[in-house]
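Me: I have a structure open here and would like to go through it with you. Could you take my questions as they come?

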Amino acid sequence: WENLDVEGYLACYHEDYEIAFHSTGKVIRLEDFSGQIGSWMVASKFENRRLIYENEDILVNHNIATFSNGTREAILQSILKKDGLLRRGETGATPLLSKN
């Protein structure tokens, strides 16, 4: 992510990847967001990245995201794995005060 390596980033995802956003209920598949990842990498900043737990079946992480419009969120994400790749994610986000 920090190196803006879109190809390397997407190589971590299973072809059937999808993510559910609790804030909207929307489910997005890999093909829906793969063309947007490069712009997201440039426009978003992630701080305090923490791996909470990982094994061969699941990855759980937490970070603070600052978006291009200045909004900030604490994001908790769980991702189920398949064949060693990220397969299905769900996020929960808590809005934070901006750093002004």
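Me: How do β3 and β4 pair, and over how many bridges?
Reply: In this predicted model, β3 and β4 run antiparallel to each other and are paired over 7 bridges. One of the residue pairs between them is L51 with N61, the latter being the bridge partner in β4.

Me: What joins β3 to β4?
Reply: The connection is a hairpin, with 3 residues leading from β3 to β4.

Me: And on to β5, how many bridges join β4 to it?
Reply: There are 9 bridges between β4 and β5, and this pair is antiparallel. Among the residue pairs, N63 stands opposite I75 in β5, and I64 has A74 of β5 as its bridge partner. The two strands form a hairpin with 5 residues between them, and G70 in that turn has a positive phi of about 95 degrees.

Me: What about β5 and β6, how many residues sit between them in the hairpin?
Reply: That hairpin has 2 residues between its strands, and the strands themselves, β5 and β6, are antiparallel and joined by 11 bridges. One example of the pairing is Q77, whose bridge partner in β6 is T91.

Me: Zooming out, what is the strand order in the whole sheet?
Reply: The sheet is open and has 6 strands, in the order β2-β1-β6-β5-β4-β3, and its pairing is mixed. Its edge strands are β2, covering 27–29, and β3, each of which pairs on one side only. On average, neighbouring strands of the sheet are turned by 20 degrees against each other, with direction ignored.

Me: What holds strands of a sheet together, in general?
Reply: Strands pair through backbone hydrogen bonds, and they can do so in a parallel or an antiparallel way.

Me: Changing topic: which residues have a positive phi without being glycine?
Reply: Two that can be named are N48, with a phi of about 50 degrees, and D83, with a phi of about 55 degrees. As background, most residues other than glycine have a negative phi.

Me: Where is N48, and is it buried or exposed?
Reply: N48 lies in strand β3, and because its relative accessibility is 55%, above the 50% cut-off, it counts as exposed.

Me: Same question for D83, where is it and why is it called exposed?
Reply: D83 is in the loop between β5 and β6. It is called exposed because its relative accessible area is 65%, and the cut-off for that word is over 50%. As for its distance to another aspartate, the C-alpha atoms of D83 and D57 are separated by 9.1 Å, with their positions 26 residues apart along the chain.

Me: Is D5 buried, exposed or partly exposed, and how far is it from R88?
Reply: D5, which belongs to the segment before α1, is partly exposed at a relative accessible area of 42%. D5 and R88 are 83 residues apart in sequence, and their C-alpha atoms are 21 Å apart in space.

Me: And V42, where does that one lie?
Reply: V42 lies in helix α3 and is exposed, with 62% relative accessibility. Its C-alpha is 23 Å from that of S23, and the two are 19 residues apart in sequence.

Me: Now the inside: which residues make up the largest nonpolar core?
Reply: That core has 12 residues in all, namely W1, Y13, Y17, I19, I28, L30, F33, I37, M41, L59, I79 and L86. At least two of its residues come from each of β1, α2 and α3, and β1 gives the largest share, with 3 residues.

Me: What volume does the largest pocket have, and how many residues line it?
Reply: The largest pocket has a volume of about 1000 Å³. Its lining has 33 residues, and those that lie nearest the centre are W1, Y9, F46, I75 and Q77. The elements that give two or more residues to this lining are β1, α3, β3, β4, β5 and β6.

Me: What is the make-up of that lining by class?
Reply: By class, 20 of the lining residues are nonpolar, 10 are polar and 3 are charged. W1 appears twice in this account, as a member of the largest nonpolar core and as one of the residues that lie nearest the centre of the largest pocket.

Conventions:
Residues are numbered from 1 along each chain as its sequence is written. This is a predicted model: local features need pLDDT of at least 70, side-chain atom pairs count only at pLDDT 80 or more; totals for chains, interfaces and linings use all residues. Side-chain values use heavy atoms; hydrogens and water are left out. On a 1 Å grid over the protein atoms alone, a cavity is a set of points where a 1.4 Å probe fits but cannot get out, and a pocket is an open set with protein on both sides within 12 Å along at least five of seven lines; lining residues have an atom within 4 Å of a point. Grid points are joined across faces, edges and corners, and a volume is the space filled by probe spheres set on the points. Helices (H or I, at least four residues) and strands (E, at least two) are DSSP runs, numbered from the N terminus. Ala, Val, Leu, Ile, Met, Phe, Trp, Tyr, Cys and Pro count as nonpolar, Asp, Glu, Lys and Arg as charged, and the others, Gly among them, as polar. Two strands pair if DSSP finds at least two bridges between them. Axes are lines fitted to C-alpha atoms, for helices over the stretch in contact, and angles run from 0 to 180 degrees between N-to-C directions. A nonpolar core is a set of buried Ala, Val, Leu, Ile, Met, Phe, Trp, Tyr and Cys residues joined through side-chain atoms within 4.5 Å. Buried means under 20% relative accessible area, exposed over 50%, partly exposed in between (1.4 Å probe, protein chains only).
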